[in-house]
Amino acid sequence: MAENAEGDLNSNLLHAPYQTGDPQLDTAIGQWLRWDKNPKTKEQIENLLRNGMNKELRDRLCCRMTFGTAGLRSAMGAGFCYINDLTVIQSTQGMYKYLERCFSDFKQRGFVVGYDTRGQVTSSCSSQRLAKLTAAVLLAKDVPVYLFSRYVPTPFVPYAVQELKAVAGVMITASHNRKEDNGYKVYWETGAQITSPHDKEILKCIEECVEPWNGSWNDNLVDTSPLKRDPLQDICRRYMEDLKKICFHRELNSKTTLKFVHTSFHGVGHDYVQLAFQVFGFKPPIPVPEQKDPDPDFSTVKCPNPEEGESVLELSLRLAERENARVVLATDPDADRLAVAELQENGRWKVFTGNELAALFGWWLFDCWKKNKSRNADVKNVYMLATTVSSKILKAIALEEGFHFEETLPGFKWIGCRIKDLLENGKEVLFAFEESIGFLCGTSVLDKDGVSAAVVVAEMAAYLETMNITLKQQLTKVYEKYGYHISKTSYFLCYDPITIKSIFERLRNFDSPKEYPKFCGTFAILHIRDVTTGYDSSQPNKKSVLPVSKNSQMITFTFQNGCVATLRTSGTEPKIKYYAEMCASPEQSDTALLEEELKKLIEALIENFLEPSKNGLTWRSV
């Protein structure tokens, strides 16, 4: 009897007006329970309500996601600030409203939707389901939707947007984030990720369309609507055909004795990397059996980010040793980034940093351009790009070789937009990168691409092998010719936004109000650029050339000893990142001395500017 009474009480609680003492929260609870048709996420909110968990309800329901460097990204689960069925429907309704305003031919040109292999059983939430709901919202409004029939690498979506002349596209992915996360990555008609003002305008439209429309939950439309098309085979064929533009030694590739191991990190990459190797004339790379098939739990790695180095590459390195393969290629779960390791003569593995790989890519792609260029090709028409927190090695190569180098704000969306501008003005872009192992070889895709990068590294390694040179040895040759660029990148975890803000505000008011530091320990500072406020002491007008980015924190220090260091917040994770690089001239070849100087400067940077013990920061641990 008592149990029934309690059941009635709970039932009444869930259907009565909510009286938590917070009118905003009461409204949000009511909206969620009326609008959410996913039984598992609805139940998560009901349980919190039943147990009086008002703080957690407030955290989940009283704020919305915002666009970061990679679109919307959050944990999967119930609540307006998480990725789930309802928030993806709301986001797509906002997208529809904004695109309808921007494109009169929206309903002729259509929209692309792709997805990775993430999922969470407790929320009945998977990338594939979220992709279907995204498609359903648009199909219900008579928009043609190109929905991939199976998981694809992230670069396939921007590629398809351009190839199919769609107005925009969405990839459901959280890339290399932890398994709990998912995301909603938006591409514009250009094939580049959206930048301001589109992101802010889409958010406004989402806020105007929060109640699901009739038909938005109808995912059956994906199977029944004549407006749904599957672009998989067509796009895969075109993509692989376009790869041939960056293949220069197909015959040599077919004869190489070099063996490669590839791991797809439990994600989407296996089939697509196998196909790319075929296009380049290679024998198939050896897959890591435990990691080649999709697994949303990423069960063999501590975290699904190949950038974390040897500790997460354990299975692929051991397999390579058994198979006598010298090069390991690791694509992250959505195959837009690439890590590379090479076995050295001393029996140890060298895991290359993103900056080191960029030095090799820059050398290789310019060398291939020189050897294959048409007679009237002008080096002054050639460009390479990097984000501002990445190595300046391409700048050094460009100065020596006569091509152009440009920097952008962090995030490949800025690189994609700039490449589009350059191409429209008749320029040729060979390569672009960000230090976090994001590479773009050629311009078929306007976003980072781990599939093409993997096969280009394989071709480079096979070519060097004919001269008995390893990737590591070639990297040394690049540094000897253009100057050593020794960099170190790491991060601290900080879950408190107030602490993060106070760290950066202290740097803007260091010795006195509105005064930046002149020294970091004993190291004299030459210039300071603060992209958050738009200040740059190196410019005559003291204004930053890069666009102001008020929503994130980023300050760059140029030191008198030639070191450049940047502190910034991550756009996708609770991290304060630091990037530091010694940029030496070719005659400065004492690497031990350069490394020691960089090490001391980083220690001073951490101790004086980040103050980890005082601010409760957690060191990166792999």
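Two strands count as paired here if DSSP finds at least two bridges between them. Keep that cut-off handy for these exercises on a predicted model.

**Exercise 1.** Work out which strands pair with strand 22 (residues 554-559) and in what sense.

*Solution.* Start with strand 20 (residues 523-530): five bridges join strand 20 to strand 22, and the two run antiparallel. The cut-off is at least two bridges, so this counts as a pair. Next take strand 23 (residues 563-569), which also pairs with strand 22 over five bridges in the antiparallel sense. Now zoom in on Thr556 in strand 22: the bridge partner of Arg529 is Thr556, and the bridge partner of Thr556 in strand 23 is Thr566. Then look at the hairpin of strand 22 and strand 23: three residues lie between the strands, and Gly562 takes a positive phi near 95 degrees. Finally, check the cover: five of the six residues of strand 22 are buried.

**Exercise 2.** Find which strands stand at the edges of the open sheet with order 15-14-16-17, and say why one side of each lacks a neighbour.

*Solution.* Read off the order first: the sheet has four strands, with mixed pairing. Strand 15 (404-408) and strand 17 (438-441) sit at the edges; each has a single partner strand, so one side of each has no neighbour in the sheet. On average, neighbouring strands of this sheet are turned by 15 degrees against each other, direction ignored. For strand 17, the pairing with strand 16 (residues 428-434) is antiparallel, over four bridges, and Glu434 stands opposite Gly438.

**Exercise 3.** Identify which helix lies across strand 14, strand 15, strand 16 and strand 17.

*Solution.* That's helix 17 (residues 412-424), which runs at about 175 degrees to strand 16.

Definitions and conventions: Residues numbered from 1 in each chain as written. Predicted model: local features only at pLDDT ≥ 70, side-chain atom pairs only at ≥ 80, totals over all residues. Heavy atoms only, no water. Axes fitted to C-alpha atoms, helices over the stretch in contact; angles between N-to-C directions. Contact = heavy atoms within 4.5 Å. Buried < 20%, exposed > 50% of the residue type's maximum accessible area, 1.4 Å probe, protein only.
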